Amino acid sequence: MLQRYNLGAAVQNNPNTTLVTAQAPIAAETHGGRAKCLQRLVRLELPVPRTVALSFDAVKRIAKGELPDIAAIVSQFPEGVLLCVRPSSEDPDWGGPGAVLNIGMNTQRCEALNERLGETAARAIYTRFVQSYAVDVARLDPDVFENVKGEGAEGLSEALRAYESELEEPFPANPSDQLAAVLKSMARAWDGTSARLLRQAKGAPADAGLGLVVQEMALGLGQGESGSGVLQLVDSDTGLPQITGRYLSQSQGRDALEGDAAALYLGRDPRGPSLEELAPEAFNALKTHAGLMRSKLREEMQVEFAIENGALYILDGVRVARSSQATVQIAVQLADDKIIPRAEALMRVPPRTLSELLHRQISPDAERDVIGHGIAASPGAATGQIVFTAAEAQASAARGDPCILVRRETSPEDIRGMHAAHAVLTERGGITSHAAVIGRGIGLPCVVGASNMRFISSKKQLVTQDGRVFSAGDVVTVDGTSGEVLAGATKMREAALDEGFQKLMDWSTEFCDIGIRANADTPADAQTARNFNAQGIGLCRTEHMFFEAGRLTVMREMIFAETSQDRRAVLERLLPMQRADFTQLFRIMKGQPVCIRLFDPPLHEFLPTDRAGQRELAEALDLPLSNVTRRIDAMSEYNPMLGLRGVRLGVTVPEIYEMQARAIFEASIDASDAGTPVEPEIMIPLVSARREVELVKTSIDAVAAAVRNEWDRDFAYRLGVMVETPRAALRAAEIAPHCAFLSFGTNDLTQMTYGLSRDDAGRFMSDYVQQGVFPEDPFHVLDTEGVGELLKIGAERGRSAQPNVTLSICGEHGGNPESISFCRDAGFDYVSCSPFRVPVARLAAAQLAIGGNIQ
């Protein structure tokens, strides 16, 4: 039976070497999380073995060779007991050196245990301790003991001889010497280069401290029911209530039982009786103790325990390991049970955890045959057959076969194929490339910039670095969460949007103090945004609508029209299609704001680049092939992303914007007739000068007047600018008086500020980040210093000229928690992001409003 003893003066008066009592001066910041948890268990009057905690300072001194009073530590424990030493870092996730058990074992104590436990058990404990001490403390190679046969008398003798032969000294028999050596070994291991790098990778600061706890061993051996194990009250995968764990019964005369406690605890097991049957009193006490820890420590805890002759001992409590689904469920359930407030529940869920809930993921225990890697551009994972064209993806979908669309880089023409595919893999591109943006928008797993693989489109082959060849029809798995490409099919974990997730989202809305909208280009995108309770659409990229079947040829015919009158005639055929698109969006969003960006891309994107496509276009337009190729050549640009696109098209080819404005206004009337009040927002892209806004505004206002007269209906609308050029940010004071809103497009603004191509930067960005040129990929995490300064300048100058102007960002940074923090501080009204990032943004915004740091 473990007992309590009076404090020794050397320990009692030394804050660095402290007996764990209810009143002892112990804190996680000075002694580590394990020491603090053990003190809390003592305060709950749980049966915790006697423990001494060594502070961070004490361990630092030990690493330098300054040992504490070992005799004073040993004196805190009963004569003849065995001890264990465990690490106690400030955050359990930072790890630490492995625990060392059964310290104090020697020939004398082995003989004493013979009488209590039997010779077999006693010698096995001694043999294991010799080997553990030799490997973990004396740093011997485990191979030294490869000839040790068993754990009986002969095995013990062989282990002792091997130790003495290797170190040329006998195995230490003095418990104080053993303890001193263990403390020195563990302290120095924490300071090792590998250990330091490993914990820094887990987020620990470079100077993170380590505490140690010295605890009396509860062996879990005896004549009556004895054993050891762990228990928790929830399932680590789902977070739902379920008693699970492990138990190893080591009572004399019974073979050891090992296995999942879900069987051993809760019912009969073919290997033997359950713990509940073996030791019902200890089992019931264990459940009671676990429930008390949950309510008083305000967390789901895994209880480490031992049973000796039916008596229960609590050795430790650690936070239950948990999946993303369980993280949400546990936080919500603790709040529902009034153990923690809702605000704290929100703070306990890292925002990026939600991304894993929204998409299928590769199972953590799945084998990974990695054949390539790139930029993790859109989370989730999918398995399918390789296809190399959008048409093949559509054909595969028609057959019901899952496929992976493989392209050098995607273009708007590939959108139909992307919708048909289960995932996308590209050789080129970055975090804001076309494939990445569309993938995130429609929830499609996507890996871009996989430049360590060779894409041989002519042969329809992928070639890996090690020479393996994957052809069209071969099965691969794309992991958009990690950026890896795997050979074959892989075990998956399904998305989990359960009641706990919905509650967390509802609570987030209660605390949010910045608007969260979604970027949505199609009715399906809008419905996803609506399902995630987005507060409207912050960016609708209308050009994607023109690539749908039946529209592309009409769009190309408009491009080939020679006169303004001919263009208007062709656009008349697109008008009802656009009107129907917008009507659907307005009805789905049910009166919430919908911000529609007018046509943005260069016209050449709608024209075929290959000879076969050009022939098809010549036939469709009834033109000679030479005319088609000549027209395409004439429209080519050296740098189309900085060429004739955006507002420049609206100024030089005004018919497109006029058609879109009419479609928007007529759709708003249609939707309002269905009972949904609509006030559309129209956004002019790529503005750099006030005069551009004046020209487009005049044209759109004229269309609005015409529609009002023709329909005999009044309606309201808001006109704004997409600020994505540095000049627009700098001249915001001139532009804002003509606008109701300024929405900063941080994708292009970052590209233009840095002079980086967002589609090509992925090729070298990892090198730049690794070498410290940039702290992060600026297309992934908003550059708050450079691009951020332009945002602040634009916001301040815009509001100085137009105090009521609405400010937002609608680039992909809108779903990034750090970017949301910047926008709140800068006084922005809302952020807009891909639909599947809306939950992440809502939770991050709620955490910022609560006032804590985003986890």
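**Leu167, helix α28 and some unusual backbone angles**

Leaving out neighbours within four places in sequence, Leu167 makes contact with Ala138 and Leu140. This comes from a predicted model, so everything below describes a prediction. Leu167 belongs to helix α8, which runs over residues 153-167. With a relative accessible area of 28%, Leu167 comes out as partly exposed. Ala134 sits 33 residues away from Leu167 along the chain, yet the C-alpha atoms of the two are separated by 9.5 Å.

Stepping back to the whole chain, the secondary structure adds up to 35 helices and 30 strands. The C-alpha atoms fit in a box of roughly 105 × 60 × 50 Å, taken along the principal axes. There are 855 residues in the protein chain, and 54% of them count as buried. Take the contacts between residues at least 6 apart in sequence: 67% of these join residues at least 24 apart. As for the surface, the chain exposes about 35,400 Å², with carbon and sulfur atoms supplying 47% of that area. The chain carries 86 positive and 111 negative charges, and the mean positions of the two sets are 3 Å apart.

Helix α28 is worth a look in some detail. It covers residues 690-711, 22 residues in total, and at 1.5 Å a residue it should span 32 Å; the C-alpha atoms at its ends are 31 Å apart, so the two figures agree. Buried residues in α28 are Glu692, Val693, Val696, Ser699, Ile700, Val703, Ala704 and Val707. These cover an arc of only 140° around the axis, so they lie on the same side of α28. On the face turned away from that buried side are Arg691, Thr698 and Asn709, which are exposed. The cover over the buried residues of α28 includes two helices that come before it, α26 (647-652) and α27 (654-673), along with strands β26 (681-684) and β27 (718-723) and helix α30 (732-735).

Both ends of α28 have something to add. Ahead of the helix, Ser688 sits in the loop between β26 and α28. Its relative accessible area is 18%, and because the cut-off for buried is under 20%, Ser688 counts as buried. Setting aside residues up to four places away in sequence, Ser688 touches Thr725, Arg727 and Ala728. After the helix comes Asp712, with a positive phi near 50°.

Most residues other than glycine have a negative phi. Besides Asp712, with its positive value, two loop residues go against that habit. One is Asn309, whose phi is near 50°. Asn309 is found in the loop between strands β8 (301-308) and β9 (311-319), and its relative accessible area of 47% makes it partly exposed. The other is Lys338, where phi is positive and near 65°. Lys338 lies in the loop that links α14 (324-336) and α15 (342-347). Its relative accessibility is 74%, so Lys338 counts as exposed.

Technical notes:
Residues are numbered from 1 along each chain as its sequence is written. This is a predicted model: local features need pLDDT of at least 70, side-chain atom pairs count only at pLDDT 80 or more; totals for chains, interfaces and linings use all residues. Side-chain values use heavy atoms; hydrogens and water are left out. Helices (H or I, at least four residues) and strands (E, at least two) are DSSP runs, numbered from the N terminus. Buried means under 20% relative accessible area, exposed over 50%, partly exposed in between (1.4 Å probe, protein chains only). Contact means heavy atoms within 4.5 Å. Accessible areas come from the Shrake-Rupley method with a 1.4 Å probe; for residues, only the protein chains shown count as cover. Lys and Arg count as positive and Asp and Glu as negative; His and the chain ends are not counted. The place of a charge is taken as NZ of Lys, CZ of Arg, CG of Asp or CD of Glu. The expected span of a helix is 1.5 Å times one less than its number of residues. The arc is that of the directions from the helix axis to the C-beta atoms.
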